[in-house]
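Here are my notes for your first look at this entry. Please keep the viewer open and follow each point in turn.

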Amino acid sequence: MKVLITGGAGFIGSNFIHYWLENHPEDDVVNFDKLTYAGNLENLKDIATNPHYSFVQGDICDTEAVEKVMNGVDLVVHFAAESHVDRSIHDPSVFVKTNVEGTNVLLNSALKNNVKHFHHISTDEVFGALSLETEEKFNEKTPYNPRSPYSASKAGSDHLVRAYHTTYGLPITITNCSNNYGPYQFPEKLIPLAITNVIEGKKIPIYGDGLYVRDWLHVEDHCRAIDLVIGKGKVGETYVVGGMTELVPNIEIAKKILSLLGKDETFLEYVKDRPGHDRKYDVDWTKIKTELGWKPLHNFDEWMEKTVEWYKNNEDWWKHIKSGEYQTYYEKQYGQG
Ligand code: NAD
Ligand code: DAU
């Protein structure tokens, strides 16, 4: 089978390529990625010469380039996106372009080329925000209520994917997952930013009161969920995927990281809050559990420790990233770093 992975040089996409080549060694995987600031071929250097893997640099908004790469493809797994909420607040337009228009270009081309299955990777952020008091969780029936330019653009892409199924019969599935963590995550997101800052002797910036809550999902559990949905999920359906059974506020995540790195709370710095900051995400993954037998296998405390170890052992990887465009972004977002 020929599998086209978009955004395979990013965090989840590169973990997924590793996962897929290991679990489906007979397939040919094509990684189509623009290599934006978030794309990094270093994430894939160990498999660069694998005869079942190839890389094509290109933009999902470029119809001609997409048409070329779509030729003969059986399965598309679509990760490519602008993915960081804070950047979407600085400049929404690239989010609309890539996440909405780019998804439309891919869908159109998948339809023309009779692709057998199009799997779209989305986020729990499309459902909006829960209050700290409620026990309600997001599920597949939760109405969409995106509140940031990022989540609005992802919501737009989800609607387009469903519309191509309903209108044209394109065989699709969608997963909406919670916050991933693990190796190769770009150090603009809370967990890798916190770990790498502390290793560098810098503080962890905590937005607002630090009592915001996310549902943390290890990236390998996410990859397994996508694989199951592709293999056994019902065409046209959406599955939400979450990782944690216990709710931990950001400040506690930061304290866990400090304790794993042997540092005290003087490394915490409360900073200006994110505008429109969603208070809580919490995911009810009953459907994927009962229909497909999936559950998260990665216990948060244990895998957080392994994640901290990974960043400790891979300083070259993130130091290289943190020395480039990242500095300009960091100063814009946090002031002098
Ligand atoms: P990332 O920012 O680490 O990687 C995105 C990748 O897409 C990069 O390699 C980048 O070069 C590529 N890309 C961006 N624009 C492109 C374009 N126009 N054409 C081709 N390639 C392009 O993102 P991630 O965290 O790995 O997220 C992957 C997907 O998962 C996204 O769709 C995101 O919305 C979704 N998601 C992420 C999380 C999370 O916690 N990281 C959670 C839920 C859903
Ligand atoms: O829920 C899934 C989403 O998770 C994905 O769709 C997004 O692509 C991904 O970026 C992530 O979005 P968040 O905004 O939840 O992740 P982030 O790591 O940016 O922030 C996690 C929490 O930590 C959030 O409450 C904001 C807070 N935060 C973040 C940063 C970067 C801080 O307090 N300080 C920070 O410096």
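The points below take the two ligands, then the aromatic rings, then some single side chains.

1. Status of the model. This is a predicted model. Please read every distance and area below with that in mind.

2. Who surrounds ligand 1? The shell around ligand 1 has 28 residues. The closest are Ile12, Asp33, Ser83, Tyr150 and Lys154. Click on these five to find your way in. By class, the shell holds twelve nonpolar, twelve polar and four charged residues.

3. Polar contacts of ligand 1. Three are worth displaying. The side chain of Lys154 has an N or O atom 2.6 Å from an oxygen atom of ligand 1. The side chain of Asp59 has a polar atom 2.9 Å from a nitrogen atom of ligand 1. Phe79 takes part through its backbone: a polar backbone atom lies 2.9 Å from an oxygen atom of the ligand. How much of ligand 1 does the protein cover? On its own, ligand 1 has 840 Å² of accessible area, and the protein covers 97% of that.

4. Elements around ligand 1. Four elements give two or more residues each to this shell. They are helix H1 (11-23), strand E5 (117-123), helix H5 (149-168) and strand E7 (179-181). Which gives the largest share? That is E5, with three residues.

5. Who surrounds ligand 2? Here the shell has 24 residues. Asp124, Glu125, Tyr150, Arg274 and Tyr334 are the closest. Tyr150 deserves a second look: it is listed among the closest residues of ligand 1 and among those of ligand 2. The shell of ligand 2 divides into eleven nonpolar, seven polar and six charged residues.

6. Polar contacts of ligand 2. Start with Glu125. An N or O atom of its side chain is 2.7 Å from an oxygen atom of ligand 2. The side chain of His277 also places an N or O atom 2.7 Å from an oxygen atom of the ligand. Pro205 contributes a polar backbone atom, 2.8 Å from a nitrogen atom of ligand 2. How much of ligand 2 is buried by the protein? Taken alone, ligand 2 exposes 690 Å², and 94% of that is buried by the protein.

7. Elements around ligand 2. Helix H6 (190-199) and strand E8 (204-207) are the elements that give two or more residues to this shell. E8 gives the largest share, three residues.

8. Aromatic pairs. The whole structure contains 21 aromatic pairs. Look at two of them. Trp310 and Trp317 pair edge-to-face, with 5.5 Å between centres and 70° between planes. Both of these Trp residues are buried. Tyr330 and Tyr334 form a tilted pair, at 4.5 Å centre to centre and 35° between planes. Why is this pair called tilted? Planes under 30 degrees apart count as stacked and those over 60 as edge-to-face, so a value in between is tilted.

9. Helix H12 and its cluster. Tyr330 and Tyr334 both sit in helix H12 (residues 326-334). They are four residues apart, about one turn of the helix. Tyr330 counts as buried because its relative accessibility is 8%. The two Tyr residues belong to one aromatic cluster, together with Tyr37, Phe186, Tyr207, Tyr326 and Tyr329. Tyr334 also links this point to an earlier one, since it is among the closest residues to ligand 2.

10. Charges over rings. Two cases are worth a view. Arg214 lies over the face of Tyr281, 3.9 Å from the ring centre. The charged end of Lys287 sits over the ring of Tyr239, at 4.5 Å from its centre.

11. Asn15. Is Asn15 buried or exposed? Asn15 is buried, with a relative accessible area of 10%. This residue is in helix H1. Its side chain has a polar atom 2.9 Å from the backbone oxygen of Phe11. The side chain of Asn15 also reaches the backbone oxygen of Pro183, at 3.1 Å.

12. His218. Look in strand E10 (residues 216-218) for His218. With a relative accessible area of 3%, His218 is buried. What does its side chain contact? A polar atom of the His218 side chain lies 3.0 Å from the backbone nitrogen of Glu220.

Key:
Residues numbered from 1 in each chain as written. Chains lettered and ligands numbered in written order. Predicted model: local features only at pLDDT ≥ 70, side-chain atom pairs only at ≥ 80, totals over all residues. Heavy atoms only, no water. Near = heavy atom within 4 Å. Polar contact = N/O pair within 3.5 Å; in protein donor to acceptor, adjacent residues only side chain to side chain. Areas by Shrake-Rupley, 256 points an atom, 1.4 Å probe, with all protein chains shown as cover. Nonpolar A, V, L, I, M, F, W, Y, C, P; charged D, E, K, R; others polar. Phe/Tyr/Trp six-rings, centres within 6.5 Å; stacked < 30°, edge-to-face > 60°. Buried < 20%, exposed > 50% of the residue type's maximum accessible area, 1.4 Å probe, protein only. Lys NZ or Arg CZ within 6 Å of the ring centre and 35° of its normal.
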